[in-house]
Structures are given as structure tokens and as C-alpha cells.
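Please walk through this structure with me, one helix at a time. Keep the sequence and the 3D view side by side.

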Amino acid sequence: MNLRRLIPLFDNSVSTWALEARLLRWLTLLWLFMGLVMLFSASYPAADTRFNDGLYYFKRQLIWVLVALIIFNIIVYLPLRRILGLSHWFVIFFLGLIFVTLIPGVGTHTNGATRWIPLGPVPIQPSELIKPFLVLQSARVFGHWERISWGIRFSWLAVFGIIILGILAQPNLSTTALCGMTIWLIALASGLPYKYLGGTAIGGVLLAVLSISVKEYQRKRVMSFLNPWADAQGNGYQLVQSLLAVGSGRFWGAGFGLSQQKQFYLPIQDTDFIFAVFAEEFGFIGSVVLLLMLSLYATLGLIVAVRSKQAVPRLVAIGVTTLIVGQSLLHIGVASGALPTTGLPLPMFSYGGNSMIASLMLAGLLIRVARESSEAEVVPLRGQGRRN
């Protein structure tokens, strides 16, 4: 591989790509740039107080971005069939790590959940890193559904179910719901019979209701979502502060770096509620621009899916678009009070290496599908090579 291709701005071969692939690439880089700028602003007060270095989180995020961009560029230039050929091994590997997080003394317990495995100074979050491979393997299974035996079908359906249960046990209801919906939509797009999809949807809803009923903190979050002001200093505190931040932005915003809520009023402002800081600083106009960018990304993703001539790449495009845009909308919905409070990061905005790697991997997969869907294999005529 040409090493210059690992540096996005110096990759001259991009001009030969299809229009959708080029647009997606530049939109991804724009999204990433906006996220880094926003993280700088949102994380500065907390980093300055905790570490006497306002750039502490920002500098570490830059390191993760460099690592993620290398992986992103490898995916963009690697044939999709080769990536699909490895996806099942990564699914099994990260599935094992998900259950490793549940072992007492191994997984790191933070904010009532055990989602991380400390690997020296680097925390590994398997439920984030499994997302791109879950899309790939789901597309592979449902894209070849008619050509595989019932034994293989049941085996992979069981693996998907165990993944969902493993993430739910951490507990991580929001990621469970997101992964479950992504798999379900990929199955729907593949043409799976409605009787299977309907039963699965009902089972998923019942599982979510059961989890909320059993786990007290999830139940409190739902109740506080219905009326956060009833306990503004307790269970409704996060949502109340987020709503105050969003409302304070008004039409034009307070201005970059001038958020008041990030000054230790709004909790976890650099991850789960980073959109609230964005809305306060850039206002209604900035929020609309972000939503338009997500709409453009979703539109391009669906165009890539429609133009894909083969089932598996089409399902990969649908899965990636659903996951990355859907997670963004869920994050925005939580910060704006439209959905119950959850712990979903905003892709390419929120602080965290696992989320950054997963997000850029998903973006790379979509660009790879866009490139392949527009490339026709040129077969030279017999003897043409000798004459030329």
C-alpha cells in the first residue's frame, strides 16, 4: 500500500473514485473536524480542573483519531470480500470480550455499568468495537440467507442473540437497542419473511420492558425523562442541565467556547451530552446545520445501497447508515429531552478512542461499498494486450 494513502489530505487517487465515495469521504472528514473542534471546547474546563491541562482530553483524542484514520484508510482500499472473510472471527473475539467485562475484578465498573476492560492505560470497550463487524456479519448472513443451511442460520441467529444479551447484561440498554435495531433492519432489507421479523420485534420490545422493570436505575431514568423537573437535583439532573444548555443557545448560540453549562453544571459534557454544549454554543442554526449534515450522509448512504448490484454490499451500506446516523439521532434525542437518558456517544464528536475507531471503521466501510458499486471489471479482449 502507498503510504501517502494513509494521510487523507495527500491521497491523489481520490479523484478517480465515484462521486458518492468522494462526497462521503469529505463529509466524514468535515464531521471529524467539527467533532474535534467541539471536543476541544466541551472538555477544556474539566481537563483543566482535573489535570491542570485544558488540552488533556483533546490531545488524547488526537492520538485516537490518527489511529482510527489509519484503519479507515486501510478499509477504504481493502476489497470488501476480504474484510467480510474476516468479520466472523472478529465477532466471536469481541463477543468473548463482552463476557470478559462481566467477570468480577476484570471489567471496570463505572456509572453503574461494566463495559470496559483496562489494557494498561487504554480501556477497551468491546460493545463499541463489535459494531462494524456486527454489520458485516449480519449483511453476510442475511445476504446469503437462501444459500446457507438452517444449521448455519440458527447458529448465527444464536450468536446475534447472545451478543444482545451480553451487552444488555453489562448493562447497556441503549447499545443493546441500537445493535438489535441494526440487525433487524438489515434482515428487513434482505427480504426476510415478515413473520420472522414480527416475532423478533415483539421479543425485542418485551426484552427492553423486562430490563427496565428489573433494573431500578433504568426505571428511574424513564420516570425522570417523563418529568425531569420533578426531581431536578436528583434523577432528572442530567436532563434538566442538558435542556438548560440547549435552551440557552437560542437562535444563534452563545458563541464558540462560551457555554456556561459546561462549567461543571452539565455532567459528562465531553461524551454523553456533548450535543448540549454544541447546541448552547452554536444555537438553533448550528443544530440545524448538524442535522442537515446527518441527512446528507444518510441520503448518500441510501444512494450507495440502491446502486449496489450485489446483496451483501447493499446490506452493509444499509447497516452502516442505520448505525452511524441512528446513533447520532439517538444521542441528539437524549440531549434534547426527546428520549430517555442513555449513555450513547455522538459519533466523531464524543471523547473516546473506542467510539472513534468504530465510527471511522463504519465510515470506511460505506466508502468502500461506494467505490466497489461504481467500479466495473474490465476484461481485455483476447490478444488485445499483445497488439497494444
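Angles under 35 degrees between helix axes count as roughly parallel. Keep that cut-off in mind for the first pair of helices. The model is a predicted one.

Start with helix α10, residues 237–248, and its partner α11. Their axes are 6 Å apart and the packing angle is about 25°. The two helices are therefore roughly parallel to each other. Their crossing is left-handed. From α10, Ser 242, Ala 245, Val 246 and Ser 248 take part, and they meet Ala 276, Ala 279 and Glu 280 of α11. By type, this contact has four nonpolar residues, two polar ones and one charged one.

Between α10 and α11 there is a loop, and Arg 250 lies in it. Look at its backbone. Arg 250 is not a glycine, yet its phi is positive, at about 50°.

Now follow α11 itself. How far would a straight helix of 34 residues span at 1.5 Å a residue? The answer is 50 Å, but α11 spans only 35 Å between its end C-alpha atoms. Look along the helix for a bend. A kink of about 120° sits in α11, with Gly 283 at its centre.

Next comes α12, residues 311–335. The axes of α11 and α12 come within 10 Å and cross at roughly 165°. Angles over 145 degrees count as roughly antiparallel. α11 and α12 are therefore roughly antiparallel to each other. Here too the term for the crossing is left-handed. The contact draws on many residues of α11, including Ile 274, Phe 275, Leu 290, Leu 294 and Ala 298. Facing them in α12 are residues including Arg 314, Ile 318, Ile 324, Leu 329 and Ala 335. The contact divides into 18 nonpolar residues, four polar and one charged.

The last partner is α13, which covers residues 353–374. Its axis and that of α11, residues 274–307, come within 9 Å. They cross at roughly 40°. Is this pair parallel or oblique? α11 and α13 are oblique to each other. The crossing of α11 and α13 is left-handed. On the α11 side, the contact uses Tyr 297, Gly 301, Val 304 and Arg 307. On the α13 side, it uses Ala 363, Leu 366, Val 369, Ala 370 and Ser 373. Six of these contact residues are nonpolar, two are polar and one is charged. Tyr 297, Gly 301 and Val 304 of α11 also belong to the contact with α12.

A general point helps in reading such lists. An α-helix has 3.6 residues a turn, so residues three or four places apart point the same way.

Finish earlier in the chain. Find the loop between α6 (150–168) and α7 (173–189), where Pro 171 has its place. Gln 170 and Pro 171 are joined by a cis peptide bond, with omega about -10°.

Notes. Residues numbered from 1 in each chain as written. Predicted model: local features only at pLDDT ≥ 70, side-chain atom pairs only at ≥ 80, totals over all residues. Heavy atoms only, no water. Axes fitted to C-alpha atoms, helices over the stretch in contact; angles between N-to-C directions. Helix = DSSP H or I, 4+ residues; strand = E, 2+ residues; numbered from the N terminus. Parallel < 35°, antiparallel > 145°, perpendicular 65-115°, else oblique. Left-handed = near helix turned anticlockwise from the far one by under 90°. Contact = heavy atoms within 4.5 Å. Nonpolar A, V, L, I, M, F, W, Y, C, P; charged D, E, K, R; others polar. Expected span 1.5 Å × (residues − 1). Bend = angle between axes of the 7 residues up to and from the residue.
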